[in-house]
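User: Hi! Could you walk me through how some of the packing terms are justified here?

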Amino acid sequence: MAGSRVELRVPTAADRDELARLGAESSALHHPWLAAPATPEAVDVWLARADGERFVSFVVQRVDDGAIVGVFNLSEIVRGGFQSCYASYYAHAAHAGNGYMREGLELLLEHVFGAMGLHRVEANVQPENEASIALVRSAGFRREGLSPRYLRIGGEWRDHERWAMTREDWLALGGP
């Protein structure tokens, strides 16, 4: 899946050291929102989980030099009558704020609603995470509500806003 500046691809074991280094270098950017894998061993655990029926991951890679600029995860992929998943994501500090994740999100939505044939994708974002909310809002996700004490992160139960998009929303926004 390639755009003009970035492409999405499945991570491999060859990415292990780079992902660990980027995770460690980005811990201040991610705190308190998430903890990206920041050791080779943590990346191994993530890679083992990252290619299944219910959880898949993609690295966002710059087209011009191959640098990994971020990650998207699709979790709790449910088929049948639901046809839905959750999306989570993070940029790496050295590349944040350059629009790479926005282009990557467009590619991800094309994959979710096209190749995967899902009906809905949901992103749950902590209300104070303005950059993450700006990303999903810019892509056309709609805010559906607040889930108090939704997810335990960093030892604390944290509130999350629910942002979602359906295939019909995506098509109305110009999806192919």
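Analyst: Happy to. Contact means heavy atoms within 4.5 Å. By that criterion, the cover over the buried residues of α5 includes β4 (84-91), α4 (100-115), β5 (120-125) and β7 (156-166). Please keep in mind that this is a predicted model.

User: Which residues of helix α5 are buried?

Analyst: In α5 (residues 130-139), they are Ser-132, Ile-133, Leu-135, Val-136 and Ala-139. Buried means under 20% relative accessible area.

User: What puts them on the same side of α5?

Analyst: Their arc around the axis is only 155°, so these buried residues lie on the same side of α5. The face turned away from that buried side carries Glu-130, Ala-131 and Arg-137, which are exposed. Just after α5 comes Gly-140, with a positive phi of about 105°.

User: Why are α1 and α3 called roughly perpendicular?

Analyst: The axes of α1 (residues 16-25) and α3 (residues 40-49) cross at roughly 115° and come within 8 Å. Angles of 65 to 115 degrees count as roughly perpendicular, and therefore α1 and α3 get that description. Their crossing is right-handed.

User: Which residues meet where α1 and α3 touch?

Analyst: From α1 there are Arg-16, Asp-17, Leu-19 and Ala-20, and they meet Pro-40, Glu-41, Val-43, Asp-44 and Trp-46 of α3. This α1–α3 contact divides into five nonpolar residues, four charged and no polar ones.

Methods. Residues numbered from 1 in each chain as written. Predicted model: local features only at pLDDT ≥ 70, side-chain atom pairs only at ≥ 80, totals over all residues. Heavy atoms only, no water. Axes fitted to C-alpha atoms, helices over the stretch in contact; angles between N-to-C directions. Helix = DSSP H or I, 4+ residues; strand = E, 2+ residues; numbered from the N terminus. Parallel < 35°, antiparallel > 145°, perpendicular 65-115°, else oblique. Left-handed = near helix turned anticlockwise from the far one by under 90°. Nonpolar A, V, L, I, M, F, W, Y, C, P; charged D, E, K, R; others polar. Buried < 20%, exposed > 50% of the residue type's maximum accessible area, 1.4 Å probe, protein only. Arc of directions from axis to C-beta.
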